[in-house]
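Subject: Structure for your files

Dear colleague,

Here is the structure I said I would pass on. My notes on it follow below.

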Amino acid sequence: MIFGYGYFDYLIYMLPVLVFSLYAQFKVKSAYNKYSKISNSRRITGAQAAQAVLHHYGITDVRIVPCAGKMTDNYNPKNKVISLSEGVFNGTSVAAVGIACHEAGHAAQHAESYVPNQIRTALVPVTNFGSRFGLIIAFAGYAIALGSMMDRIGYYVIIAGLALYALTAVFQFVTLPVEFNASSRALRVIDETGLLAGDEYKGAKKVLTAAAMTYVAALATSLRNLFYYAMRLLGSSNRRRN
């Protein structure tokens, strides 16, 4: 039992989001595996494609470097470096071009002070704290509420802990427009500069769209966890108080 509820109840809440998350992971891996095997007709590498996006936005102070691993591509705004995985940096596949341009899209967001990106960056410290200690504080409040003389204090501690934990969902929510906008920038430059055309462009779009769905799944997971713990902890506390 979990706070008076059976494990079957927990699975009911967990299963739909779990299925969606697995589906999103399947779609992104499927799209990547397919389009990482199809070379673009211009034989442009991921590094060259990312540079083309930077040039389109007039960005000259961002470096593009290779990094180890697979699908480890990222943009670091602190040192202004786009790190592309080995298969993307030197790769000429449709997937490599799409992914590289997406990361360059993040660099463009940073250069233009894109507001959702600034909000997400500001949320990082408090989100890290909330994700690590929010549930610990909430469970501590639940333990405090077990004492009949301190049930109200425990109740408020639970709320405080859950509020901190909720920052994870807030962060995931703010991440959505950032990721979708980076992909939109990438696809717009790809189209306007002719980096990819026809089916190649459509393939890159499928890869980026599938990747974006993983962020939707992450938000759904955060909301599910928040709802579950709020219902269980606050529900159990209220039943004891009544």
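Helix α5 (residues 115–145) has a kink of about 45 degrees at V124, shortly before the proline P125. Please keep in mind that this is a predicted model. The buried residues of α5 include P116, N117, R120, L123 and T127, and further along G130, G134, L135, A138, G141, Y142 and A145.

As for the overall layout, the chain contains 8 helices and 3 strands. Their order along the sequence is α-α-β-β-β-α-α-α-α-α-α. The chain has 242 residues, of which 47% count as buried.

Salt bridges

The count comes to 3 salt bridges.

One of them involves α5 itself: R120 pairs with E179, and the closest N and O atoms are 3.3 Å apart. This pair joins helix α7, where E179 sits, to helix α5, across 59 residues of sequence. E179 counts as buried because its relative accessibility is 5%, under the 20% cut-off. R120 has a relative accessibility of 16% and is therefore buried as well.

Helix α7 (residues 167–193) also supplies R185, whose partner E112 lies in the loop between α4 (94–111) and α5, 73 residues apart from it. In this salt bridge between E112 and R185 the closest N and O atoms are 3.0 Å apart. Its two ends are covered to unlike degrees: R185 is buried, with a relative accessible area of 6%, whereas E112, at 46% relative accessibility, counts as partly exposed.

The remaining pair is D61 and K80, with 2.6 Å between the closest N and O atoms. Both residues are in loops, D61 between α2 (46–56) and β1 (63–67) and K80 between β2 (74–76) and β3 (81–85), and they are 19 residues apart. D61 counts as partly exposed at 43% relative accessibility, and K80 counts as partly exposed at 29%.

Surface charge

A patch of positive charge on the surface is formed by K27, K34, K202 and K206. The elements that give two or more residues to this patch are α1 (7–35) and α8 (199–241). K34 belongs to helix α1. Why does K34 count as partly exposed? The reason is its relative accessibility of 47%, since the partly exposed class runs between 20% and 50%.

Regards

Definitions and conventions:
Residues are numbered from 1 along each chain as its sequence is written. This is a predicted model: local features need pLDDT of at least 70, side-chain atom pairs count only at pLDDT 80 or more; totals for chains, interfaces and linings use all residues. Side-chain values use heavy atoms; hydrogens and water are left out. Patches are made of residues with over 30% relative accessible area and no salt bridge: like charges are joined within 9 Å, nonpolar side chains (Val, Leu, Ile, Met, Phe, Trp, Tyr) within 5 Å. Accessible areas come from the Shrake-Rupley method with a 1.4 Å probe; for residues, only the protein chains shown count as cover. A salt bridge is a side-chain nitrogen of Lys or Arg within 4 Å of a carboxyl oxygen of Asp or Glu. Lys and Arg count as positive and Asp and Glu as negative; His and the chain ends are not counted. The place of a charge is taken as NZ of Lys, CZ of Arg, CG of Asp or CD of Glu. Helices (H or I, at least four residues) and strands (E, at least two) are DSSP runs, numbered from the N terminus. Buried means under 20% relative accessible area, exposed over 50%, partly exposed in between (1.4 Å probe, protein chains only). The bend at a residue is the angle between axes fitted to the seven residues ending there and the seven starting there.
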